[in-house]
Amino acid sequence: MTRLLTDTDIDALRAQTPGTRTTTHFNHAGASLPSSATLSAIHAQLEREATSGPMEAGVAASAITDEARALAATLFNAQPDEIALTGGNSQGWGAAFAALGGWNAGDRLLVGRHEWGGNLAAMQFAAQRAGATIDVIPSREDGTLDTAALASMIDERVRLIALTWLPANGGLINPAEAVGAIARRFGIPYFVDAAQAAGQVPIDVRTIGCDVLSAAPRKALRAPRGTGLLYVRREFLERLTPAYVDRFSAPLDAQGEPRLRDDAGRFESAETSMALRAGLANALREALAIGVPAIRQRIDQVATTLRQRLAQIESVALLDDGVERSGLVAFNLAGYEPQAVQAALAGRGISIGLSGVPYTPLDMRARGLTSVARASVSYLTTDEEIGRLVEAIIAIA
Ligand SMILES: Cc1ncc(COP(=O)(O)O)c(C=O)c1O
């Protein structure tokens, strides 16, 4: 049974998060605030590098890599050899996508309406070069991906299904598992962008049935920027030849022949920041100790409160689609560009995010939106902070 987070737990977690004392943060979906222990883990590795020599400290810190990989595997219900430590969500997703290779004229790539713009850019380049097409899976009235429509789109030319699970431009949660059931039924490769999902909702790659899943740990997981996670299903790995390799991903053997790694490490680079990995490992450890089901429950509670409070402001239009919702709260304030709202809030020490057309182009265009203000919460968010944000928006309006 999930042990729920109490207000006392939240107070303790905030006390261990220096940023909660210096800023009112509603941009956890951009990047969240790290804990003191995560900062210490980063500093400690930099200290070791400064005192023992960076390469020497790196050898000693290889345990950090093993630990981060094992913790990520636990978080996703995967095996450690199915996890690559990357530099960001797009880096992992893009590397796996490029490794699929071999697109032909007439091939079809099916994408949800909320696909992340960066993933779409990668798909568009490949599709244009090959004469393949990108077809958008319709959404239901409430914005959620329509799984019946997806099933009816499948034919022998479909070579990929790509889904952004929790979109960047609002609170909708897409049915990742139901999409996975269709992908499995027809044997089609299935990529899930879980940039916003990792650390916010429980993830079980086996239940989802995905072949590839990418994550951005700087968001809900509160890891440092410049970190990323990539899951590749073990049996799927042999279909992926990385677009480029190095001495780590494909070391030369005694005969001088490159040997592609037989684990997800084929998507890692030889050179990396061990300090960031130390921070990542600590952030993963913390999220697992709190428990993702408890985090999900708390975020849902906090986001619901924020939506209710914003709904009481006459000039605020809430823009979250979907039924089941995440901690990303999209809104606009009548008469103001979202940029102006963001700037005015920043002047009051409150950070929110913005989401424009390039981030989720298909959905924004479908809904006739050019930009939305995005207040995203964490389990760290308090009622008092929500009050501060709401009062500030009322003052601006
Ligand atoms: C859904 C989604 N996918 C991908 C990304 C990009 O992640 P990264 O900047 O780590 O490549 C983001 C970033 O906000 C996102 O929200």
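Which residue does the side chain of Asp 107 meet in a salt bridge? I would like to start from that pair and work outwards to the two domains, keeping in mind throughout that what we have here is a predicted model.

The partner is Arg 159, and the N to O distance in this salt bridge is 2.8 Å. Asp 107 sits in the loop between helix H6 (89–100) and strand S3 (108–111), while Arg 159 belongs to strand S5 (residues 158–164), so the pair ties together parts that are 52 residues apart in sequence. As for surroundings, Asp 107 counts as buried because its relative accessibility is 8%, which falls under the 20% limit, whereas Arg 159, with a relative accessible area of 24%, is partly exposed.

That pair is one of 25 salt bridges in the structure. Another joins Glu 385 to Arg 14, and here the closest N and O atoms are 3.0 Å apart. Glu 385 lies in helix H16 (residues 383–396) and Arg 14 in helix H1 (residues 7–15), so this salt bridge ties together parts that are 371 residues apart in sequence. Glu 385 is buried, at 4% relative accessibility, and Arg 14 also counts as buried, at 13%.

Let me set beside these the salt bridge of Arg 140 with Asp 142, in which the closest N and O atoms are 3.4 Å apart. Arg 140 is partly exposed at 41% relative accessibility, and Asp 142 is likewise partly exposed, its relative accessible area being 22%. There is also a network, in which Arg 108, Asp 135, Asp 155 and Arg 157 are joined by salt bridges that share partners.

I turn now to the domains. The protein is divided into domain 1, which takes in 7–35 and 292–396, and domain 2, which covers 39–289. Their C-alpha centres lie 26 Å apart, and the contact between them draws on 40 residues from domain 1 and 34 residues from domain 2.

How much area do domain 1 and domain 2 bury between them? The size of an interface is often given as the accessible area lost when the parts come together. For domain 1 and domain 2 that value is about 3000 Å², with 56% of it on carbon and sulfur atoms. On the side of domain 1, the residues that lose the most area to domain 2 are Ser 35, Val 292 and Leu 362, which together account for 20% of what that side buries.

With regard to polar and charged pairs, 2 salt bridges are counted between domain 1 and domain 2, and across the interface 22 residue pairs are found in polar contact. Looking at the side of domain 1 that touches domain 2, the elements that give two or more residues to it are helix H13 (292–311), strand S10 (328–333), helix H15 (361–366) and strand S12 (371–376). Of these, H13 gives the most, with 6 residues. By residue class, that side of domain 1 divides into 21 nonpolar, 10 polar and 9 charged residues.

One further salt bridge deserves a mention before I stop, namely that of Arg 113 with Asp 363, whose closest N and O atoms are 2.8 Å apart. If you have the model open, the pairs to look up alongside it are Asp 107 with Arg 159 and Glu 385 with Arg 14.

Note on methods: Residues numbered from 1 in each chain as written. Predicted model: local features only at pLDDT ≥ 70, side-chain atom pairs only at ≥ 80, totals over all residues. Heavy atoms only, no water. Salt bridge = Lys/Arg side-chain N within 4 Å of Asp/Glu carboxyl O. Helix = DSSP H or I, 4+ residues; strand = E, 2+ residues; numbered from the N terminus. Buried < 20%, exposed > 50% of the residue type's maximum accessible area, 1.4 Å probe, protein only. Domains from an automatic or database assignment. Contact = heavy atoms within 4.5 Å. Buried area = accessible area lost by both parts, 1.4 Å probe. Polar contact = N/O pair within 3.5 Å; in protein donor to acceptor, adjacent residues only side chain to side chain. Nonpolar A, V, L, I, M, F, W, Y, C, P; charged D, E, K, R; others polar.
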